[in-house]
Amino acid sequence: MAPIEYIPLMHAYYQKLGFDDYPIYEPKGDPWTAVRKPLAKSTLSLVCSAGLSRKDQVPYDPRVKDDLSIREIPAETRPEDLIINYSYFDHRDADVDINCVFPLQRLKELENEGFIGRLSPVAYAMGVGRWRDPSTPERLQTEVADDLAGRLRRHAVDAVLMIPT
Amino acid sequence: MGLIARALEARGVSTVYIGVMLDIVQRIRPPRAVFLDFPLGHPVGKPFDQQLQLSILRDTLAFLETARPPADLLTLSYGWGEPFTYIPGSAANLQGHQDK
């Protein structure tokens, strides 16, 4: 079976709602940072845009647009202390096993077996679910990226696993 | 997330991205991406399948070292095992949320 073509489905859905086409950013250039050390000696962090939060944090509001806020999730956070706030994807499986989208436990196991050098003490949750403001993609790639890169640098992170949902 | 991956690479951070929407991954061109033909909401696999989740993560993270510029995309060969579809907005209906 060929992979689903999502872009036409999303365009059709947006048109049905009375909007223009689903906005998909056209990237320019191909930035690249070469890996400087082997994975087994690297510090890895995790960034996931499932709109999840720790239960003691301000949750993401699935009705709000252009929310570019970041939640810091300590790596030792227990799965039962996390909650997915978003509604844009079917997360019934992730609700019962958060590792389907936010695999902190699995990454800890990979650290314990030496596959990765070190799991950063902090992972990051983001929302970035729905955009209305045309400046949002640009802000995401400037101020939000600067903020996130700064947070990663503070924990000497070498590489990041990015998980969209 | 692909846009943030690109912006992080431009700031000296190496990234690898797991995508389940092939046409969107191809459009956004994250610097290093693996594609997995799994339904939305399952980028690391099925619930409580620890071995599958670990295997997907090992393959994905190994691609940090083997990917080559520019914008390398690796298709992982895992199969979901049953047909699946995507109906836009269906999850929102499921959750009973309305846009603000």
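Two residues are in contact here if their C-beta atoms, placed from the backbone, lie within 7 Å. Helices (H or I, at least four residues) and strands (E, at least two) are DSSP runs, numbered from the N terminus.

This is a predicted model, in which local features need pLDDT of at least 70 and side-chain atom pairs count only at pLDDT 80 or more, while totals for chains, interfaces and linings use all residues. Residues are numbered from 1 along each chain as its sequence is written, and chains are lettered from A and ligands numbered from 1 in the order in which they are written.

**Where two helices meet**

Let's start with a pair of helices from the two chains. On one side, A:Pro137, A:Leu140, A:Gln141, A:Val144, A:Ala145, A:Leu148 and A:Ala149 of α4(A) are in contact with B:Leu3, B:Ile4, B:Ala7 and B:Leu8 of α1(B). Helix α4 spans residues 136-154 of chain A and helix α1 residues 2-10 of chain B; their axes are 9 Å apart and the packing angle is about 55°. (Axes are lines fitted to C-alpha atoms, for helices over the stretch in contact, and angles run from 0 to 180 degrees between N-to-C directions.) That makes α4(A) oblique to α1(B), as angles under 35 degrees count as roughly parallel, over 145 as roughly antiparallel, 65 to 115 as roughly perpendicular and the rest as oblique.

**A helix with two sides**

Next comes helix α3 of chain B, residues 50-66. Its 17 residues reach 24 Å from the first C-alpha to the last, close to the 24 Å expected at 1.5 Å a residue. B:Gln53, B:Leu54, B:Ile56, B:Leu57, B:Thr60, B:Leu61 and B:Leu64 are buried in α3(B) (20 or more other C-beta atoms within 10 Å; exposed means 12 or fewer, and partly exposed is in between). These residues lie on the same side of α3(B) because they cover an arc of only 165° around the axis, taken from the directions from the helix axis to the C-beta atoms. B:Gln51 and B:Thr66, on the other side of α3(B), are exposed. The cover over the buried residues of α3(B) includes α3 (104-112) and β7 (159-163) of chain A, together with β1 (14-19) and β2 (32-35) of chain B.

**Backbone details in the loops**

Most residues other than glycine have a negative phi, and most peptide bonds are trans. The table shows two residues that have a positive phi although neither is a glycine.

| Residue | Phi | Loop of chain B |
|---|---|---|
| B:Phe48 | about 65° | between β2 and α3 |
| B:Ala71 | about 45° | between α3 and β3 |

B:Phe48 is exposed, with 12 other C-beta atoms within 10 Å, whereas B:Ala71 is buried, with 22 C-beta neighbours inside 10 Å. A cis peptide bond, with omega about 0°, joins B:Pro69 and B:Pro70.

Technical notes: The expected span of a helix is 1.5 Å times one less than its number of residues.
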